[in-house]
Amino acid sequence: MRAILAFLLMTCAATAQSLPTIAPDGPPLQEVTGDGLDRQWLAVGRFDTGTGFCTGTLIAADLVLTAAHCLFDASTGQPLPQAGFRFGAGLRNGQPVALRGVRRVVMHPGYAFDLPDDLDRVRTDIALLELDRAIPSNQVVPIPARGRATVGDLVQVVSYGRDREDHASLENGCAVETGDGRMQVLSCHVVPGSSGSPVFVSTGGHPGVVSVVSAMAHWRDDPVALAADLQGGLAPLLDLMDRTDDVFAREAPRLRTLTMGNNGQDELGARFIRVTP
């Protein structure tokens with residue numbers, strides 16, 4: 001797979017004018033209510049940046065997985081002030097199950113907002129947010145990063161987005177169309193705010209996060225989502241998290257073991273990329 005015509009629409013207005021729409025025969029979205037079986041999705045929350053929002057997933061009591069580009073001002077390319085970051089786990093009807101500030105952030109070491117190759121930017125578009133306080137498991141049970149999705153597999157995506165910023169939506173049954181081991185092309189439909197959304201596969205009835213939504217795209221004239229594959233992509237971030245301690249507070253680095261495995265206002269929309277096979 002190669003990118004022939006790849007371009008970024010970084011302003012909110014330009015992005016909004018170019019978004020793919022959900023096809024009538026596409027997988028339907030259903031609202032996540034937080035009741036019954038939906039409680040397993042409470043680990044997915046809205047990551048507010050101070051200027052907009054993305055989606056994030058609690059993968060450990062104090063760690064949230066999201067997309068690295070959400071940490072930057074889309075118009076200037078400069079890092080956003082971390083003091084304004086908030087994560088609302090299980091947010092629905094505007095009320096989170098747990099609300100936390102962000103103590104520090106770590107991005108994939110290969111990521112840069114201005115990488116010249118759009119697809120390389122997608123492949124490394126992963127970030128971890130360390131919360132200022134852990135969220136107890138009796139409030140929200142983290143969903144671990146584990147498993148892998150291959151071409152043809154059906155996946156689930158839980159996300160917030162434009163016109164549904166106050167509740168999460170679940171898309172069942174979209175598929176992995178292709179991939180290169182570091183990036184997946186999904187038949188899932190995403191909108192601004194969906195950046196950072198978790199892509200799930202279930203093993204034995206238990207969901208695991210396998211990739212992170214990075215961009216909207218057209219591929220073979222169909223709307224698709226591009227996601228950064230976590231296989232091998234998360235370990236460098238965990239290593240950085242354990243070796244550095246640079247933001248807001250200084251204390252001894254902590255070793256973590258992840259259980260069972262290694263936008264609203266000015267919307268931080270997923271980028272729009274055209275890819276041809």
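This report describes the confidence of a predicted model and two of its loop residues.

**Confidence along the chain**

Across the protein chain of this predicted model, the pLDDT averages 78, and 74% of the residues score at least 70. Among the elements of the chain, the highest mean pLDDT, 98, belongs to β5, whereas helix α1, made up of residues 12–17, has the lowest, with a mean of 27. The pLDDT is below 50 over residues 1–27, a stretch for which the model nevertheless contains 58 contacts beyond near neighbours in sequence. Over residues 247–277 the pLDDT likewise stays under 50, and here the model has 126 contacts beyond four places in sequence.

**Two residues with positive phi**

Most residues other than glycine have a negative phi. Against that background, N93 has a positive phi, near 55 degrees, without being a glycine, and D163, also not a glycine, has a positive phi of about 70 degrees. N93 is placed in the loop that runs between β5 (86–89) and β6 (98–107), while D163 is found in the loop between β8 (154–161) and β9 (164–179).

The backbone angles of these residues are set out below.

| Residue | Phi |
|---|---|
| N93 | near 55 degrees |
| D163 | about 70 degrees |

As for solvent accessibility, N93 counts as exposed because its relative accessibility is 59%, and D163 is likewise exposed, with a relative accessible area of 70%. The loop that holds N93 follows β5 and leads to β6, and β5 is the element with the highest mean pLDDT in the chain.

Definitions and conventions
Residues are numbered from 1 along each chain as its sequence is written. This is a predicted model: local features need pLDDT of at least 70, side-chain atom pairs count only at pLDDT 80 or more; totals for chains, interfaces and linings use all residues. Side-chain values use heavy atoms; hydrogens and water are left out. Helices (H or I, at least four residues) and strands (E, at least two) are DSSP runs, numbered from the N terminus. Buried means under 20% relative accessible area, exposed over 50%, partly exposed in between (1.4 Å probe, protein chains only). pLDDT is the predictor's confidence in each residue, from 0 to 100. Contact means heavy atoms within 4.5 Å.
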